[in-house]
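Please look through the sequence and the model below before reading on. The paragraphs that follow lead from one chain to the other.

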Amino acid sequence: MNKCGRVERVDGKYRRGGRGDGETQEKLSVWEHYLAMEIAIEFKACLYFFAILFFYCMYRLLIGNAQASILHMAEMIFLTYGMGYVQVYLLSGFDEGERLGMKECLYLVLCSLIYAGISFYAGWFGRVIWVSILFFLYAAFLYVCVFAVYKSKRKIDDKIMNENLRMFQARRADYAERD
Amino acid sequence: MKYTLERIPEGEDEVILRYCQMTPEVERIWNLLHGNQRRLTGWKGKTRVVVDVDKILYIESVDSRTYAYTSEDVFAVDDTLNKLGQFLNAVNFFRCSKSMIINIDKVQSLKSLPSNRIEAVMCNGEHVMISRTYASDFRKRLKGGRGDE
């Protein structure tokens, strides 16, 4: 099938290509859909990983150690990646939700607890309980920030989309007038 | 635009419109070719009705039946959603989910939702969901592309 249209020339004759079901728009394939989800999860993992890494580095500096453990960093990236899956597939992507209601707050506390618990178990912060509590609060704050960022991103997106819609409708009205 | 006329010894006459972008010029030719299809025939009860496609807000498929909705009325259409989408997509309609085609000209406002979905508020106040599968094509379409390339 050619790049531009859904019609191709076969054996000197033009034939309609595509699925032949009259569908003229292209839907995302299962693979593309999976890929989009995977990219979103990886993006989420990177975002949370860097935020956690920042907290970890600050902690290390405060205790007078300017070195970070590669093992801890590997644990962090695997954990954030796994949590990305949990958030998207089990907790309905609450950090990207439309509102921060009761259910979302519960998920937020649960995920922050998981992060704090695993950090304590893995000894990222020397198994000091008050640092783990501080890390729990930091993780909760992080979720609130991510929620706010996604929400404001959608607000900007709304403005752009509605502007494009107005332009589309104006263009159509213009063509109709000319016709 | 390049024009090609090809005489064929036998068979059905055929017009093929090849385009990369749906420019106003291409769209005018398309409308000229489909001039008689700017109206949709359907059924309201047992009465046959003819409706201008520009008056339709959206077309929906429910239980294997196709219904077209205007601001005041609903009527059943004989054609399937896929068949209707084939010619309506070239004008101001857009396939927004598996079971629905909306008239973009009748959209009052849009709202971005989580998981890359879009909520469209129609001019009669109804809310229609544009699924994430079709959302990126919809955005392209609004920006001036066809969204199906």
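A residue is called buried here if 20 or more other C-beta atoms lie within 10 Å of its own, and exposed if 12 or fewer do. With that in mind, helix α1 of chain A can be read residue by residue in this predicted model, for Ile41(A), Lys44(A), Ala45(A), Tyr48(A) and Ile52(A) are buried in it. The helix covers residues 30-62, and because its 33 residues should span 48 Å at 1.5 Å a residue, the 48 Å between its end C-alpha atoms agrees with that expectation. After α1(A) comes Gly64(A), which has a positive phi, near 80°.

The wider layout of chain A consists of four helices and two strands, and from the N terminus on these elements follow the order β-β-α-α-α-α. Of the 179 residues in chain A, 16% are buried. If one takes the contacts in chain A between residues at least 6 apart in sequence, 53% of them join residues at least 24 apart.

Is Phe78(A) buried or exposed? This residue belongs to helix α2 of chain A, which covers residues 70-90, and Phe78(A) is exposed because the number of other C-beta atoms within 10 Å is 12. Although 29 residues separate Phe78(A) from Phe49(A) in sequence, their C-alpha atoms are 9.0 Å apart in space.

In chain B, strand β5 (residues 74-77) makes a useful place to start. Phe75(B) and Val77(B) form its covered face, whereas Val74(B) and Ala76(B) form the uncovered one. Strand β4 of chain B (residues 65-70) runs antiparallel to β5(B) and is joined to it by four bridges, with Tyr69(B) standing opposite Val74(B). These two strands, β4(B) and β5(B), form a hairpin that has three residues between them. Strand β1 of chain B (residues 39-44) is also antiparallel to β5(B), with two bridges joining them, and here Trp43(B) has Ala76(B) as its bridge partner.

Further along chain B there is an open sheet of three strands, in the order β8-β9-β10, whose pairing is antiparallel. Because β8 (107-113) and β10 (127-130) of chain B each have a single partner strand, they stand at the edges, and one side of each is left without a neighbour in the sheet. From one strand to the next, the twist averages 25°. Strand β9(B), residues 117-122, is joined to β10(B) by four bridges, and Ala120(B) stands opposite Val128(B) of β10(B). Strands of a sheet pair through backbone hydrogen bonds, either parallel or antiparallel. Across β9 and β10 of chain B lies helix α3 of chain B (residues 132-142), which runs at about 70° to β9(B).

The last step is to look at the nonpolar cores. In soluble globular proteins, nonpolar side chains tend to be buried together. Which residues touch the most other members of the largest nonpolar core? Among its 27 residues, they are Ile59(B), Cys96(B), Ile101(B), Ile102(B) and Phe138(B). Helix α3(B) gives the most to this core, contributing four residues. A second core, separate from it and made of 20 residues, includes Ala45(A), Phe94(A), Val131(A) and Tyr143(A). Ala45(A) leads back to the beginning of this account, since it is one of the buried residues of α1(A).

Terms used: Residues are numbered from 1 along each chain as its sequence is written. Chains are lettered from A and ligands numbered from 1 in the order in which they are written. Two strands pair if DSSP finds at least two bridges between them. Axes are lines fitted to C-alpha atoms, for helices over the stretch in contact, and angles run from 0 to 180 degrees between N-to-C directions. Two residues are in contact if their C-beta atoms, placed from the backbone, lie within 7 Å. The expected span of a helix is 1.5 Å times one less than its number of residues. A nonpolar core is a set of buried Ala, Val, Leu, Ile, Met, Phe, Trp, Tyr and Cys residues joined through C-beta atoms within 7 Å.
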